[in-house]
Amino acid sequence: MNTAPTPPSADEPRWLTDEEQRVWRSYIEAATLLEDHLDRQLQRDAGMPHVYYGLLVKLAESPRRRLRMTELARYAKITRSRLSHAVARLEKSGWVRREDCPSDKRGQFAILTDEGYEVLRQTAPGHVNAVRQAVFDRLSPEQQKSLGEIMRIVAEGLQPSEAGADLPWLR
């Protein structure tokens, strides 16, 4: 009598092992709680969600504090429609302004205003403190290095390089 397990058929999913399921659920729980924690901190301190803070940071780090909207969408990993809505809200606050691209009539730049830069400057210390308390203060230097390597591998694997890839920021 053969007691060896039957290998899965080609059309059957490779189910997660108990250990993989534990790791996956821990990741989902931590990612959800972390995003909520950072979102609440930024809403409380600056009246903006975490994704808006990320947009302001990217603009602040860009030459002349400006970036094409398509590049900003690619950075934020969001649809152009969602980015347009976010930038409209940031414009209403006076933190960002848009400018038409002179070389491409359909293109636009998002530009961080002085007021937006000041809000970012005032908000950054509280945000970095929230990140440090939630993540880095809980991990050893070795764990921090491992986490960085793991997340880099996952991110690289999820960013297709072929033309025509179905990516949110291209929609």
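**Briefing: fold, helices and a nonpolar patch**

Take the contacts in this chain between residues at least 6 apart in sequence: 55% of them join residues at least 24 apart. Keep in mind that this is a predicted model. Below is a quick tour of the overall make-up, two of the helices, and a nonpolar patch on the surface.

**The chain as a whole**
- You're looking at six helices and three strands.
- Walk along the sequence and the order of elements is α-α-β-α-α-β-β-α-α.
- The chain has 171 residues, and 27% of them are buried.
- About 12300 Å² of the chain is exposed, with carbon and sulfur atoms supplying 54% of that area.

**Helix α2**
- Helix α2 covers residues 50–61, which makes 12 residues.
- From first C-alpha to last, α2 reaches 17 Å, close to the 16 Å expected at 1.5 Å a residue.
- Its buried residues are H50, Y52, Y53, G54, L55, L56, V57 and L59.

**Helix α4**
- Helix α4 takes in residues 80–92; its 13 residues should span 18 Å at 1.5 Å a residue, and the end C-alpha atoms are indeed 18 Å apart.
- L83, A86, V87 and L90 are the buried residues here.
- Look down the axis of α4 and those buried residues fall within an arc of 100 degrees, so they line one face of the helix.
- What do they pack against? The buried residues of α4 pack against α2, α3 (69–76) and β2 (96–101).
- Flip to the other side of α4 and you'll find S81 and K92 exposed.
- Just past the end of α4, G94 takes a positive phi of about 85 degrees.

**The nonpolar surface patch**
- Nine names to look for on the surface: L16, W24, Y27, I28, L147, I150, M151, V154 and L158 make a nonpolar patch of about 830 Å².
- Two helices, α1 (18–46) and α6 (141–157), each supply at least two of the patch residues.
- Of the contributors, α6 gives the most, with four residues.
- L16, another patch member, sits in the segment before α1.
- Why does L16 count as partly exposed? Its relative accessibility is 42%, and partly exposed covers the range between buried, under 20%, and exposed, over 50%.

Conventions: Residues are numbered from 1 along each chain as its sequence is written. This is a predicted model: local features need pLDDT of at least 70, side-chain atom pairs count only at pLDDT 80 or more; totals for chains, interfaces and linings use all residues. Side-chain values use heavy atoms; hydrogens and water are left out. Patches are made of residues with over 30% relative accessible area and no salt bridge: like charges are joined within 9 Å, nonpolar side chains (Val, Leu, Ile, Met, Phe, Trp, Tyr) within 5 Å. Accessible areas come from the Shrake-Rupley method with a 1.4 Å probe; for residues, only the protein chains shown count as cover. A salt bridge is a side-chain nitrogen of Lys or Arg within 4 Å of a carboxyl oxygen of Asp or Glu. Buried means under 20% relative accessible area, exposed over 50%, partly exposed in between (1.4 Å probe, protein chains only). Contact means heavy atoms within 4.5 Å. The expected span of a helix is 1.5 Å times one less than its number of residues. The arc is that of the directions from the helix axis to the C-beta atoms.
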